[in-house]
Amino acid sequence: MAKSCKGLAMELVKCLSESDCVKVEKRSFRECAGEKSPCIPSECVGLRETYFNCKRGQVDMRARIRGNKGY
């Protein structure tokens, strides 16, 4: 279960690396992922929310028994 969100994390990093926030503004991934900026595409925002829900599912005891929904 520890690696169940790894695919989402890799896609999020890939999406953010292609965004204007990282390319044009030369900011770090952490800064770009942590804010709601118009230069971040909606696909990256959706991936960020899905990744957050995946990580939250790892802590939830009901999800730990049934397995993490998702990726």
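Visitor: Why is arginine 27 called partly exposed?

Guide: Arginine 27 has a relative accessible area of 25%. Buried means under 20% relative accessible area, exposed means over 50%, and partly exposed lies in between (1.4 Å probe, protein chains only). Arginine 27 is therefore partly exposed. This is a predicted model, in which local features need pLDDT of at least 70 and side-chain atom pairs count only at pLDDT 80 or more, while totals for chains, interfaces and linings use all residues. Residues are numbered from 1 along each chain as its sequence is written, and side-chain values use heavy atoms, with hydrogens and water left out.

Visitor: What makes the meeting of glutamate 25 and arginine 27 a salt bridge?

Guide: A salt bridge is a side-chain nitrogen of Lys or Arg within 4 Å of a carboxyl oxygen of Asp or Glu. For glutamate 25 and arginine 27 the N to O distance is 3.2 Å, so the pair satisfies the rule. Glutamate 31 and arginine 27 also form a salt bridge, at 3.6 Å. By this rule the count comes to two, and Glu25, Arg27 and Glu31 are linked in a network.

Visitor: Why do glutamate 25 and glutamate 31 count as partly exposed?

Guide: Glutamate 25 has 40% relative accessibility and glutamate 31 has 43%. Both values fall between the two cut-offs, so the term partly exposed applies.

Visitor: How do you know that arginine 48 has no salt bridge?

Guide: The nearest side chain of opposite charge, glutamate 49, is 4.3 Å away. Lys and Arg count as positive and Asp and Glu as negative, whereas His and the chain ends are not counted. The salt-bridge limit is 4 Å, so glutamate 49 does not qualify. Arginine 48 is nevertheless buried and lies in helix H4 (residues 42-59). A helix here is a DSSP run (H or I) of at least four residues, and a strand (E) one of at least two, numbered from the N terminus.

Visitor: What is arginine 48 in contact with, leaving aside its neighbours within four places in sequence?

Guide: Its partners are Leu12, Cys32, Ala33, Gly34, Glu35 and Lys36. Contact means heavy atoms within 4.5 Å.

Visitor: Which residues touch the most other members of the largest nonpolar core?

Guide: They are Leu16, Cys21, Cys32, Ile40, Cys44 and Leu47, out of 13 residues. H1 gives the largest share of this core, four residues. A nonpolar core is a set of buried Ala, Val, Leu, Ile, Met, Phe, Trp, Tyr and Cys residues joined through side-chain atoms within 4.5 Å.
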